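Trainee: I would like to learn how to read contacts, helix crossings and sheets in a model. Could you take me through them in turn?

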Amino acid sequence: MATMKFFRRRLLHAAVLLVAISFFTFLLLELAPGDFFEAMRLNPQISEQTISGLRSEYGMDRPFLIRYERWVRSIFNGGWGFSFAYNSPVAPLLRVRARNTLLLTSLSGFLAWGIAVPWGVWSAMKRGRWSDRITGIATSSLLAVPDLLLFLLFLLLAVRTGWFPAGGMISPGMEGMRLWTKTKDIAYHLALPSVALAITTLPVLVRHVRSAIADLLEAPFLRAARGHGVPPLRLILHYALPVAANPLISLFGLSVATMLSGSLLVEVVFGWPGLGPLLVESMLARDVYVVVGVVMLSAVFLILGNLLADVLLFWNDHRIRTE
Amino acid sequence: MTRRYRLWGALVILGCFHVVILFADFFAPYSFTTQDRAMPFAPPTRLHWVDESGRFHARPFVYGLKDDPRSLGIYQTDFMRRYPLRAFVDGSSYRIVGLLPSHLHLFGVEEPGRIFLLGSDGYGRDQFSRFLYGGQISLLSGILAAALSVLLGTVVGTLAGFYGGSIDEALMRGSELFLGLPWLYLLFAVRAVLPLHIAGWQVFLLLVAVLGLVGWARPARLIRGVALSAKERNFVLAARGFGASDLYLIWRHVLPQTGGVVLTQTALLVPTYVLAEVTLTFLGLGVGEPLASWGSLLSSLQQYYVLSSYWWMFLPALLMAALFQAYYTAADAIQGRLKSAAL
Amino acid sequence: MSTGNHHSLNSTPVLNTVQPLIHAEGLGKQYFRRQSFSGRRLLVQAFENVNLRIFPAKTLALIGESGAGKSALGRCLAFLERPTRGNIWFEGRNVTELKKNDLFPLRRRVQLVFQDPTSALNPQMTAEEIIAEPLTIQREGTRSEWREQAVQLLEQVGLPGSWLRKRPLEFSGGQRQRLAIARALALEPMLLIADEAWSGLDLLNQELILKLFARLQAARALTYLYISHDLQLLSRYSDQVAVMYHGQIVEQKETADLFAHPEHPYTRDLLAAMPPIESIYRERFG
């Protein structure tokens with residue numbers, strides 16, 4: 001079956017990619033002079049011997065390939081390496097942080113696409129008129145605003161008005177509360193960063209949706225349908241969107257990468273405990289295995305996102321083909 | 001018609017930014033390290049033409065600041081001290097484009113007056129001067145990286161489009177890979193390779209290299225499209241008929257057609273890369289002190305008290321937004337011109 | 001070589017004592033076209049089993065319907081593409097298998113004039129650069145010599161020599177074609193292949209271009225291959241006619257002979273479709 005072959009190829013492709021990325025990242029970090037224990041040298045009370053003892057205890061004095069191989073093994077047995085700063089295997093750290101990042105990015109994604117598609121469609125239907133022009137101006141202005149500025153302004157909003165907590169994920173003292181209260185609290189914390197992240201990805205999406213739909217509205221088959229008196233909403237939903245879905249799905253695949261990059265900054269600015277801050281602090285501390293773990297995990301997300309996009313593309317295309 | 005005005009408007013703004021930043025030594029009243037510990041977080045200095053007794057002065061002036069006795073960290077205008085604004089003052093010495101020594105500055109006020117057009121930071125350093133000097137780093141890295149990406153993209157795209165076949169396949173697969181990478185993560189990964197405290201210029205160069213090497217994919221695809229359509233044109237076939245070599249065809253007939261796309265892509269990439277450098281420095285991973293970059297100007301905003309009390313610390317970001325808007329407008333206008341020329 | 005009146009329909013066929021300038025035998029070309037949907041590759045035969053002889057200072061008209069493979073054949077004869085089968089002899093020498101470097105000096109001998117002058121001229125180049133381009137590529141002479149030659153060529157095709165600095169967009173359709181012809185002449189070729197070089201123009205300009213070709217032929221003793229679908233138009237300007245039908249040459253004769261004794265059914269159809277001069281005259285002038 002062609003479908004099976006297609007997927008097998010994609011999975012193989014993905015696996016090769018992951019191995020390559022892991023090796024490459026490991027190599028990159030290998031080239032970095034100094035390691036986690038370097039920082040200890042600054043403390044005159046810790047002797048050289050202690051440092052080298054710690055090093056060998058953690059296996060950091062072994063040759064590169066041995067360390068790489070041990071790390072790969074730890075992937076399979078669920079450890080994903082060891083964090084010196086947190087003094088624990090990397091995997092549980094990643095799990096918690098990844099969950100938080102996914103929460104943030106999926107909510108942002110829903111918001112962004114949920115606004116972009118209707119807005120883009122509406123703008124396409126009104127193309128050439130004032131409302132479309134305003135959309136164009138709005139999107140290009142938003143594009144020009146640096147993400148950083150936007151995030152800081154949102155933070156300022158939180159600090160000044162007190163409507164939203166200024167960062168973090170949970171208010172102190174909330175851990176023991178009931179699920180509903182906890183969820184509300186988390187939602188309050190989640191609100192600003194997810195909206196901010198959504199706003200940064202919005203302009204590009206709106207533009208693409210608009211151009212895809214606008215092109216289609218000129219197409220003969222759609223004009224014929226309109227001539228037959230098909231109402232506009234049905235036109236969009238049943239005629240235009242299925243065909244526009246293809247480029248939009250590809251866009252979705254690409255936007256996963258952008259969203260991932262964007263989430264890093266928003267998490268750091270808002271103090272949202274996701275993969276972003278973890279990456280930054282472990283880089284600053286030279287916590288090697290954590291850095292590799294985060295990079296690998298984000299690569300996995302990326303690949304999964306693209307795979308999902310491929311599946312959707314295939315499914316969508318398949319349907320059109322058999323009609 | 002309006003498009004032409006927009007393009008020229010954008011180019012004028014871009015020109016102003018770049019010239020002023022290039023000659024930061026002349027336009028900035030202070031150097032980027034000059035501190036005034038007595039005036040941390042001073043608000044932007046106001047220019048006055050009318051003094052407190054109602055008299056008009058042709059030459060604008062500024063007032064001194066003194067601490068507000070009621071609350072710490074707030075300043076009061078000191079009407080006793082007036083400092084007229086002077087043009088072409090003598091100030092710290094520097095070298096124009098690194099060669100000619102000079103100590104002329106566009107404007108300034110007499111000591112101990114201070115003119116902080118954008119306010120001052122926690123160390124009493126003039127934000128305006130630091131914006132100009134910071135621009136040299138941030139803007140330059142953006143421009144260099146964009147040039148590198150576009151150059152690489154042009155080479156790859158031209159080869160892929162012109163030769164087609166397996167070369168095209170291979171190169172386009174490669175570009176798919178690069179398009180899908182989260183470049184910020186990649187940037188971080190590479191930054192991690194470097195020791196934390198290496199010289200600022202080395203970080204700078206590496207930043208430029210990584211950004212440039214990662215971002216070639218999109219320009220490459222677009223240029224490939226141009227090359228594909230160019231090579232089918234009859235004048236290329238005619239030139240083949242004269243015995244032209246591939247290199248001649250690429251140089252004479254294909255590359256000139258890519259000019260528009262090259263310009264547009266560069267104009268689009270520069271803001272992206274500037275932002276990347278700013279983000280990295282903001283997080284503490286880019287060029288470090290004492291070199292100023294726009295990121296370091298914004299990094300103090302990570303502290304809540306700065307964020308909520310000292311609004312002028314946002315101003316560099318607003319100026320950056322204006323610069324980016326100019327770049328995007330220029331890119332749009334060029335694209336519009338290309339479209340209408342193709343008709 | 002005869003420099004007599006080429007328009008005469010009574011010229012006798014040239015005897016075997018003269019060698020053809022270019023001679024093709026068993027020429028065939030096929031290429032792959034990819035079907036976009038299923039991804040399968042289809043084999044398309046542009047033309048096959050083509051035998052052609054074109055004699056020096058003579059004009060052969062290749063007539064056929066659109067898509068019959070005439071342009072592909074023209075490109076093969078102009079060395080722009082390689083045939084997949086058969087052989088081509090040029091001045092008695094087999095040039096089919098020549099490598100790129102050996103082909104290089106031959107390229108100046110054969111030139112192709114395209115149907116659409118707008119696409120055949122780079123809009124960013126000036127007239128001078130366009131005409132001098134073949135000289136640049138073949139590395140002939142110096143820059144000042146190129147300028148002189150460009151002026152001369154412009155004048156020979158009926159354009160003012162002062163137009164050197166103009167770009168193609170500033171020329172009209174007919175003028176652009178003249179510019180393209182001037183470029184084709186720059187290397188002083190012996191064989192000129194005109195692929196519907198007049199089709200995109202209005203009737204007046206068509207005639208002018210053909211007259212220009214005829215003038216140039218007389219002045220330089222050029223050999224021509226005219227490719228067209230319009231038998232009526234070319235009948236006055238060609239010595240021989242070859243009729244192409246579905247990728248094959250079905251009939252090849254002297255022009256007068258073809259009109260008098262058409263053999264193949266397609267030729268007959270072609271001739272039948274041409275309105276006779278008398279009926280046109282009667283229609284218009286009563």
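**Reading the contacts and the folds**

Mentor: Let us begin with two chains that touch: 17 residues of chain C are in contact with 14 residues of chain B, where two residues are in contact if their C-beta atoms, placed from the backbone, lie within 7 Å. This is a predicted model, in which local features need pLDDT of at least 70 and side-chain atom pairs count only at pLDDT 80 or more, while totals for chains, interfaces and linings use all residues. Residues are numbered from 1 along each chain as its sequence is written, and chains are lettered from A and ligands numbered from 1 in the order in which they are written.

Trainee: Which elements supply at least two residues of the side of chain C that touches chain B?

Mentor: Helices (H or I, at least four residues) and strands (E, at least two) are DSSP runs, numbered from the N terminus. Here β6 (110–113), α3 (117–120) and α4 (127–137) of chain C each do so, and α4(C) gives the most, with three residues.

Trainee: How do the residues of that side of chain C divide by class?

Mentor: Ala, Val, Leu, Ile, Met, Phe, Trp, Tyr, Cys and Pro count as nonpolar, Asp, Glu, Lys and Arg as charged, and the others, Gly among them, as polar. On the side of chain C that touches chain B, nine are nonpolar, five polar and three charged.

Trainee: At what angle do the axes of helix α3 and helix α10 of chain B cross?

Mentor: Axes are lines fitted to C-alpha atoms, for helices over the stretch in contact, and angles run from 0 to 180 degrees between N-to-C directions. The axes of α3 (residues 127–163) and α10 (residues 259–282) of chain B come within 7 Å and cross at roughly 135°. Angles under 35 degrees count as roughly parallel, over 145 as roughly antiparallel, 65 to 115 as roughly perpendicular and the rest as oblique, and α3(B) and α10(B) are therefore oblique to each other.

Trainee: In what order do the six strands of the open sheet in chain C lie?

Mentor: Two strands pair if DSSP finds at least two bridges between them. The order in chain C is β6-β7-β8-β3-β9-β10, with mixed pairing. At the edges stand β6 and β10 (248–254) of chain C, each with a single partner strand, so one side of each is left without a neighbour in the sheet. Within the sheet, β3 (residues 59–64) and β8 (residues 223–228) of chain C pair in the parallel sense over five bridges, and C:L60 has C:L225 in β8(C) as its bridge partner.
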